Amino acid sequence: MSSAPLRLIPPFTAATARQKVKVAQSLWNTRDPQKVVQTYTPNSVWRNRSLFFVGHSSIRQFLQQKWAREKSYMLRKELFTFQDNKIAVQFWYEFQDSMDTMKWKRCYGLEHWTFDAEGRMEKRMMSGNDVLIGENGNGDGRWFEGLEAEEVDGIVIPDGHCS
């Protein structure tokens with residue numbers, strides 16, 4: 001019996017698409033650019049908000065800068081829909097913005113992913129909006145406060161904050 005990890009490759013089913021989303025959530029919550037970049041094709045194309053870039057080097061640099069700014073980062077991703085080699089995800093993450101006096105913020109967004117035949121992401125398109133959490137960003141009302149990364153799935157996202 002093999003102990004090799006399950007390969008999550010297209011075409012996706014509801015179960016494998018959901019697993020792919022949760023694997024991505026776990027990896028991003030490590031905040032380790034080197035681990036995260038390995039799940040993308042060498043020439044992966046990204047749009048992150050208003051930024052467009054291609055390839056492992058650019059992705060790694062982006063993630064290093066992102067997590068230098070976004071302290072106390074905690075992410076939750078949920079499957080929105082899928083078809084063949086594509087997955088759409090809704091996500092929420094909370095962070096303290098080191099470029100804005102450590103105010104607490106929550107990003108709400110959607111991602112569209114396209115995968116190659118080996119299951120590596122070849123395209124990631126992300127749209128997201130940040131909102132302050134609590135009065136003047138004091139953090140009151142944080143969803144993931146005091147949680148470990150593996151506990152974020154236990155939080156019920158309030159009505160009006162998800163589809």
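**The residues that line the largest cavity divide into 6 nonpolar, 1 polar and 4 charged.** In this predicted model, local features need pLDDT of at least 70 and side-chain atom pairs count only at pLDDT 80 or more, whereas totals for chains, interfaces and linings use all residues. Residues are numbered from 1 along each chain as its sequence is written, and side-chain values use heavy atoms, with hydrogens and water left out. The search of the whole structure finds 1 cavity of 30 Å³ or more, and the largest cavity holds about 50 Å³ of space. Its lining consists of Trp28, Asn48, Lys66, Tyr73, Leu75, Lys77, Phe91, Tyr93, Glu111, Arg124 and Met126. Strand E3 (70–83), E4 and strand E6 (121–132) each supply at least two of these lining residues, and E3 gives the most, with 3 residues. On a 1 Å grid over the protein atoms alone, a cavity is a set of points where a 1.4 Å probe fits but cannot get out, a pocket is an open set with protein on both sides within 12 Å along at least five of seven lines, and lining residues have an atom within 4 Å of a point. Strands (E, at least two residues) and helices (H or I, at least four) are DSSP runs, numbered from the N terminus. Ala, Val, Leu, Ile, Met, Phe, Trp, Tyr, Cys and Pro count as nonpolar, Asp, Glu, Lys and Arg as charged, and the others, Gly among them, as polar.

**The second largest pocket has a volume of about 260 Å³.** Of the 13 residues in its lining, Asn48, Arg49, Phe62, Arg69 and Glu70 are the closest to its centre. Helix H3 (56–69) and strand E4 (86–97) are the elements that give two or more residues to this lining, and the largest share, 4 residues, comes from H3. By residue class, the lining of the second largest pocket divides into 4 nonpolar, 3 polar and 6 charged residues. Asn48 belongs to the lining of the largest cavity as well.

**Ring pairs join aromatic side chains into a cluster.** The structure holds 14 aromatic pairs, where rings of Phe, Tyr and Trp (its six-membered ring) pair if their centres lie within 6.5 Å, with planes under 30 degrees apart counted as stacked, over 60 as edge-to-face and the rest as tilted. The rings of tyrosine 40 and tryptophan 46 have their centres 5.1 Å apart and their planes at 65°, so this pair is edge-to-face. Tyrosine 40 is buried, with a relative accessible area of 3%, and tryptophan 46 is buried too, at 0%; buried means under 20% relative accessible area, exposed over 50%, and partly exposed in between (1.4 Å probe, protein chains only). Phenylalanine 91 and tyrosine 93, by contrast, form a stacked pair, with 6.0 Å from centre to centre and 10° between the planes, and both residues are buried. The cluster links Trp28, Tyr40, Trp46, Phe53, Phe62, Trp67, Tyr73, Phe91, Tyr93 and Phe95.

**Positively ended side chains, lysine 77 and arginine 106, lie over tryptophan rings.** Lysine 77 lies over the face of tryptophan 28, at 5.2 Å from the ring centre, and both of these residues appear in the lining of the largest cavity. The charged end of arginine 106 sits over the ring of tryptophan 143, 3.7 Å from its centre. A charge counts as over a ring if NZ of Lys or CZ of Arg is within 6 Å of the ring centre and within 35 degrees of the ring normal.

**Strand E5 (residues 103–115) pairs with both E4 and E6.** E4 and E5 pair in the antiparallel sense over 12 bridges, two strands being paired if DSSP finds at least two bridges between them. In E5, cysteine 107 is the bridge partner of tyrosine 93. The hairpin of E4 and E5 has 5 residues between the strands, and threonine 101 in its turn has a positive phi of about 50°. E5 and E6 are also antiparallel, over 11 bridges, and leucine 110 stands opposite serine 127 in E6. These two strands likewise form a hairpin with 5 residues between them, in whose turn glycine 119 has a positive phi of about 90°.

**Strand E1 (residues 40–48) runs parallel to E6, joined by 5 bridges.** In E6, methionine 126 is the bridge partner of asparagine 48, and both residues take part in the lining of the largest cavity.

**Glutamate 148 is found in the segment after E6.** Glutamate 148 is partly exposed, with a relative accessible area of 48%. Its C-alpha atom is separated by 8.4 Å from that of methionine 74, although the two residues are 74 residues apart along the chain.

Methods. Points joined across faces, edges and corners; volume = space filled by probe spheres on them.
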